[in-house]
Amino acid sequence: MKQRTVLTVLFDGVQSLDVTGPMEVFAGASRARGVSYGLRTASLDGGPVRTTSGFTLVPDGSLADAPVPHTLLVPGGHGTRGAHPELTAWLREHAPRAERLVSVCTGALLLAEAGLLDGHRVTTHWNSCERLARDFPAVHVDPDPIFVRDGRLATSAGVTAGIDLALALVEEDHGRELALTIARHLVVFLRRPGNQAQFSAQTAQRAPLREVQLWIDRNPAADLGVDALAARARLSPRHFARAFRAETGTTPGRYVERVRLEHARRLLEDSSDGVEQVARASGYGTPEAMRRAFVKTLATAPAEYRRRFRAAAPPPRT
C-alpha cells in the first residue's frame, strides 16, 4: 500500500478549521481499504501554537525534523499577516521537495512571501485577493474560484474551501466514489467544483442597502432590476448603483447573478425539483437562461452539475 504523507505547517494565529478540515478528509479516506495518508503536523520549534479561535494545537514535532512529505499543506489565519522570515525561509528551502504543495485560505500569503507562487495562477480568501495581487505582482491571482490547481500547486479560498480542495485531491489520488463517500460522512453532502465562485460581496453599511441585499437573498425570483431595487432603497437608480458598489464591492447586477446561481445550485443539490422548476424559483425564468448562467460561471450545465455533485438523490419530479 502506497502511503501519501501530508505535513501541515502550524504557527501562532493559524485558523483551526484550515488545519482540521483537510485533515478530517484525509483521515476519512484512510479508513478505506488500500488507502493510506500519513498525517503529521509541525511548527518551527515543535512547540504548541495558539489558533485564531483561542485554543492550542500541539504539533507532532518541529519542521526541522519533519521528513519530506508527499503533500505539504500551509493553512491560513491571522498569523499570516506581517513578515515571517524563519517560516518563509523553511518553506523556500523545503516546499519544492514535496510532490504536492497546497495552501488553504491566506496560507497563500506565506507561499507568496517565500517566492513559491511567482508565475502561478492561484486563489485565496476573497478578502485577501487584492492584497496578494498588490504585494506580489508576479503572482496571477484569480479571486473567483474556491480552489485552483496549477501543476503541483493547489490553492484554495477561505476556510471551508480547504475541505473542497482536500476532497478534490482525494478524488485525484483514489477516485470519485471515495471522495463522495467522505463528503457524505462529513455531511458536506457533495464536492463543490473548483470553479464554483466565491461569493465575495460585503454587507452594506447603510440600512436601506442592507435591506435590499436581504430582499435579494430571500426573493431571487422577484423583479431584481436596478430600477426596482433602487425604488426599494428609496434612491435614484444611478445613486443606488453607485452606493451599492461602493459598499459591497460589486454591482447590483453581479450580486443578483450570484444570489440566483447560489439558490439554483442549492436546489439542484438538495431538492428533487426538476430543472424547469429550479429555473423559475431562482429567477431565471427559463431553463435555457439558467443553463447559460451555469455554463458561464461553472463551465457545466445544470443537469450535469446535479449528476456530478449530488449524492444519493431521488429522481427529479416532473
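This is a tour of one structure, stop by stop, with what to select at each.

The model is predicted: local features need pLDDT of at least 70, side-chain atom pairs count only at pLDDT 80 or more, and totals for chains, interfaces and linings use all residues. Residues are numbered from 1 along each chain as its sequence is written, and side-chain values use heavy atoms, with hydrogens and water left out.

**The sheet**

Start with the open sheet of 7 strands, whose order is β5-β2-β1-β6-β7-β11-β10, with mixed pairing. Strands (E, at least two residues) and helices (H or I, at least four) are DSSP runs numbered from the N terminus; two strands pair if DSSP finds at least two bridges between them. Strands of a sheet pair through backbone hydrogen bonds, either parallel or antiparallel. At the edges are β5 (61-62) and β10 (147-150), each pairing on one side only.

Select residues 3-9 and 36-43. These are β1 and β2, a parallel pair with 7 bridges; V6 has L39 in β2 as its bridge partner. Now add residues 16-29, helix α1, which packs on the sheet and touches β1, β2 and β6 (71-74). The direction of α1 makes about 155° with that of β2. Such angles run from 0 to 180 degrees between N-to-C directions, and axes are lines fitted to C-alpha atoms, for helices over the stretch in contact.

**Strand β11 and its partners**

Select residues 153-156, strand β11. In a regular strand the side chains alternate between the two faces of the sheet. Here L153 and T155 lie on one side, A154 and S156 on the other, and all are buried. Buried means under 20% relative accessible area, exposed over 50%, and partly exposed in between (1.4 Å probe, protein chains only).

Add β7 (residues 100-103), which pairs with β11 in the parallel sense over 3 bridges; S103 has T155 as its bridge partner. Then add β10, which pairs with β11 in the antiparallel sense over 4 bridges. D150 stands opposite L153. β10 and β11 form a hairpin with 2 residues between them, and G151 in the turn has a positive phi of about 65°.

Next, go to D142, in the loop between β9 (140-141) and β10. Is D142 buried or exposed? D142 counts as buried because its relative accessible area is 19%. Leaving aside neighbours within four places in sequence, D142 is in contact (heavy atoms within 4.5 Å) with R121, V122 and T123.

**The cores**

A nonpolar core is a set of buried Ala, Val, Leu, Ile, Met, Phe, Trp, Tyr and Cys residues joined through side-chain atoms within 4.5 Å. In the largest, of 31 residues, select V9, L72, L91, L111 and L117, which touch the most other members. The largest share, 5 residues, comes from α3. Show L111 with its surroundings: not counting residues up to four places away in sequence, L111 touches V74, L91, L101, S103, L116, L117 and L153. Apart from this core lies another, of 25 residues, among them F147, A168, L178 and I182.

**Two helix pairs**

Select α5 (residues 161-174) and α6 (residues 176-185), whose axes come within 7 Å and cross at roughly 145°. L167, V170, E171 and H174 in α5 meet R176, L178, A179, I182 and A183 in α6.

Finish with α7 (residues 207-218) and α10 (residues 252-270), which pack at an angle of about 35° with their axes 9 Å apart. Which residues meet here? Q213, I216 and D217 in α7 meet Y255, V256 and V259 in α10.
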